Amino acid sequence: MPHENAGNTTQNTAETLRLISGFARGRLTLIRRGNRSYGIWLAFLGVLIVSGILAWSGQVRHGLGLTAMRDQVSWGFYIGNFTFLVGVAAAAVVLVIPAYVYDWKPIREIVIYGELLAICAITMCLMFVTVDIGRPDRFWHLIPPLGHLNFPSSILAWDVVVLNLYFLVNLIVASHILYRAFHGKHYMKHVVVPLVLLSIPMAVGIHTVTAFLYNGLAARPYWNSSILAPQFIASAFCSGPAILLVVFQVLRKFTSFEIKDEAIHKIAELMAYAMFLNLFLHGAEAFKEFYSNTEHLLYTRYWYLGLGGHHTLVPYAWAAVFLNVLAFALFIVPSWRRRWVLLNIGCLATYAGVYIEKGMGLIIPGLTPDTLGEIYEYYPTITELRVAAGIFAVGFLLFTLMLKVAVPITLGEFRGKEKMAVADGSAGVPALAGH
Amino acid sequence: METEIDDPKFTRRMFNTGATAAGLSFIMTACGPKRLYEAPQALLRQRIQEMEEQYKENLDVNVKVSDAQPIPGVQFAYALDLSRCIGCRRCVYACVDENNQSRDPQIHWIKVFSMDKEKGVDFTNADPYYHPETVPEDGHFYIPVACQQCENPPCVKVCPTGATWKEKDGIVVIDYDWCIGCRYCMAACPYGARHFNWTTPSIPKEQINTNTHYLGNRPRPQGVVEKCTFCIQRTRAGRYPACVEVCPVGARKFGNLLDRNSEIRYIIEHKRVLVLKEELNTVPKFFYFYAT
């Protein structure tokens, strides 16, 4: 008997390995397939990645002195991008909530793409943190038991924990769904649903923790405002879906992927509400600062009006306001959001507006003037722009490849030849097509 | 020999022993002390010896690294007489020399602000880059600022790796070998006291102060944060900080907060004393006062 058991285990392991390697080979096949524009797109991303790596290796050798950051403004473009992308990652679940809570099918079919986006966004987040630290060779100092994580005292330690957990949850759900679909099976509901439900509070959690990272610093009045976390969530729920809406239209055009207009318009409507909340919170903050007119007004004034001769960021501040208001208008009027041109302008405006306000607009005025009143005008250097472009290219590359694999598999157009031996009652249902 | 190696028992035992040893050493390394904060005395000695060897190898200088520990019953505190300070910045450069701050690019642990007498203590309108022919200037007074050695240091609270901490004598120190350079502490510090090595710090070889402390003025690498340590290498050896010694007008006072008869206690009890940004509850151990 023991021998027989061992034999079974070996057989099962071999079977699983065969299935996994089939899945891996299938993915490779899918990634290689593509027309000319796909090739050009990949080559373009490749160029950006190589340029980014070269710039970063220079930065590792010569130090962060190659950036425009200095003691006065000790965080800049990298941390701004990090913050923005945490928002994108968190917002992937704005799609999950209506899909699962209200069981709204048109959106449920596309939830997996939100999860793939979250995976890419978190990857980029982690890369932005890595390029920002002075000693990337010591990153393991954060990882117990080899390192020492100052938990729960440091909010950065919290962020490390929640970001990685969120990454894992999304990775597990997405790979499970794709793996099962590849082998012609429906995903296991008892695995996926709890994890998806867990990812909702986690998404809010990663953004709240990231907001608290800044919020908790009494030294920086611009951040030390309790409105910060709600504002983070509101703006994130605009920017994440903005990317997805554009992606869905691209996919619909170039693949047999289908999404109902109804779903797209519904998401646009949700974005309008999120954008309203975002603008309202900004307005509330601006009112409090300008009306009470304390010494803490300095930072808000630097962002919107400039201080003395220093107004490098003022055009960006007003551009963000304009773009956000524009996006709100385009999404709130039903007949406007149903016109594709206007919808896409709205998406781009949202993306750009939130990118400015949640990136540079959060970090730089937070640090300018510095704690002792000095104004150092930060503006990213070419090195910073190249490194950032490289990281975005990695993110886009990852997302492209994932979509390349995920779309045909979820549509049931591409299946593994290996048959799944174990019958589990959920045979042959194309994945994600509902129940 | 061959038969021995082929003997399955022998190889299995060898494998088991090797694996156990590897596993144990991994666990011991993983769970053992990593930061200088928790290094026991023997290990600290060894680490310090390694530091000295590395300085010899990399800088070709015989740097002496002290491991002097806090003196029991001592809490250091600092007081600065704003009515005396003339803004000459001798303290700034004495500090640079004493504490091996980078000359290119320049790092200054002390920053002196020129303030308008009419406006009072107002950093928004202060000028850290004043350069008149002679100081003091009419209508101005000066506030030098360095690390305030807070009782509640926000920088220590936020450090994700525990690379910075408050010593028993109240000095906030940094483990330059453990800092990952995330600069969260710099965002958290309300006094701009923390400075980052944006590039490799450079000091002419003959200007390196070889009398150092492992938590203080030993030469730092690129990519880590550094700050004032109340001259830990001096003060734990019973000497005054370099800035106190160099001040030509005697504006700088230093001593033991727990000693009732110390000058620092006299100042706190008898003079008009202020601390910077009192509302932030950082509880600085750096007091500003007006003696006249």
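**Two helices of chain A**

Select helices H8 and H9 of chain A: in this predicted model, the crossing of H8(A) and H9(A) is right-handed. H8 spans residues 189-215 and H9 spans residues 228-254, and the two pack with their axes 8 Å apart at an angle of about 135 degrees. That angle makes H8(A) oblique to H9(A), because an angle over 145 degrees would be needed to count as roughly antiparallel and one of 65 to 115 as roughly perpendicular.

Next, display the side chains at this contact. On the H8(A) side, select A:Val204, A:His207, A:Thr208, A:Thr210, A:Ala211, A:Phe212, A:Tyr214 and A:Asn215. On the H9(A) side, the residues that meet them are A:Leu228, A:Ala229, A:Phe232, A:Ile233 and A:Ala236. By class, the contact holds nine nonpolar residues, four polar and no charged.

**A covered helix in chain A**

Keep H8(A) visible and add helix H15 of chain A, residues 360-367. Is this helix mostly covered or mostly uncovered? H15(A) is mostly covered, with eight of its eight residues buried. They are A:Met360, A:Gly361, A:Leu362, A:Ile363, A:Ile364, A:Pro365, A:Gly366 and A:Leu367. To see what surrounds them, select H8 together with helix H3 (77-91), helix H11 (297-304), helix H12 (314-332) and helix H14 (340-358) of chain A; the buried residues of H15(A) pack against these helices.

**Where the chains meet**

Now show both chains. Contacts join 38 residues of chain A to 40 residues of chain B. Which helix supplies the largest share of the side of chain A that touches chain B? Select helix H7 (residues 155-182) of chain A, which contributes four residues, the largest share of that side. The side of chain A that touches chain B comprises 17 nonpolar, 13 polar and eight charged residues.

**The sheet of chain B**

Hide chain A and select strands S10, S2, S12 and S11 of chain B. In that order, the four strands form an open sheet with mixed pairing. S10 (252-256) and S11 (272-274) stand at the edges with a single partner strand each, so one side of each has no neighbour in the sheet. From one strand to the next, the twist averages 30 degrees.

Add helix H9 of chain B, residues 263-270, which packs on the sheet and touches S2, S10, S11 and S12 of chain B. The direction of this helix makes about 110 degrees with that of S10(B).

**Across the sheet, pair by pair**

Begin at S10(B). Although S10(B) is an edge strand, five of its five residues are buried, so S10(B) is largely enclosed by the rest of the structure. S10(B) pairs with S2(B) in the antiparallel sense over five bridges. Select B:Tyr78 and B:Phe254 to see one position of that pairing, where B:Phe254 in S10(B) stands opposite B:Tyr78.

Move on to S2 (residues 76-81) and S12 (residues 286-290) of chain B, which pair in the parallel sense over four bridges. Two positions may be selected here: B:Ala79 stands opposite B:Phe287 in S12(B), and B:Leu80 has B:Tyr288 in S12(B) as its bridge partner.

Finish at S11(B), which pairs with S12(B) in the antiparallel sense over three bridges. The residues to select are B:Val273 and its bridge partner in S12(B), B:Phe289.

Key. Residues numbered from 1 in each chain as written. Chains lettered and ligands numbered in written order. Predicted model: local features only at pLDDT ≥ 70, side-chain atom pairs only at ≥ 80, totals over all residues. Contact = placed C-beta atoms within 7 Å. Nonpolar A, V, L, I, M, F, W, Y, C, P; charged D, E, K, R; others polar. Pairing = 2+ DSSP bridges. Axes fitted to C-alpha atoms, helices over the stretch in contact; angles between N-to-C directions. Parallel < 35°, antiparallel > 145°, perpendicular 65-115°, else oblique. Left-handed = near helix turned anticlockwise from the far one by under 90°. Buried ≥ 20, exposed ≤ 12 C-beta atoms within 10 Å, placed from the backbone.
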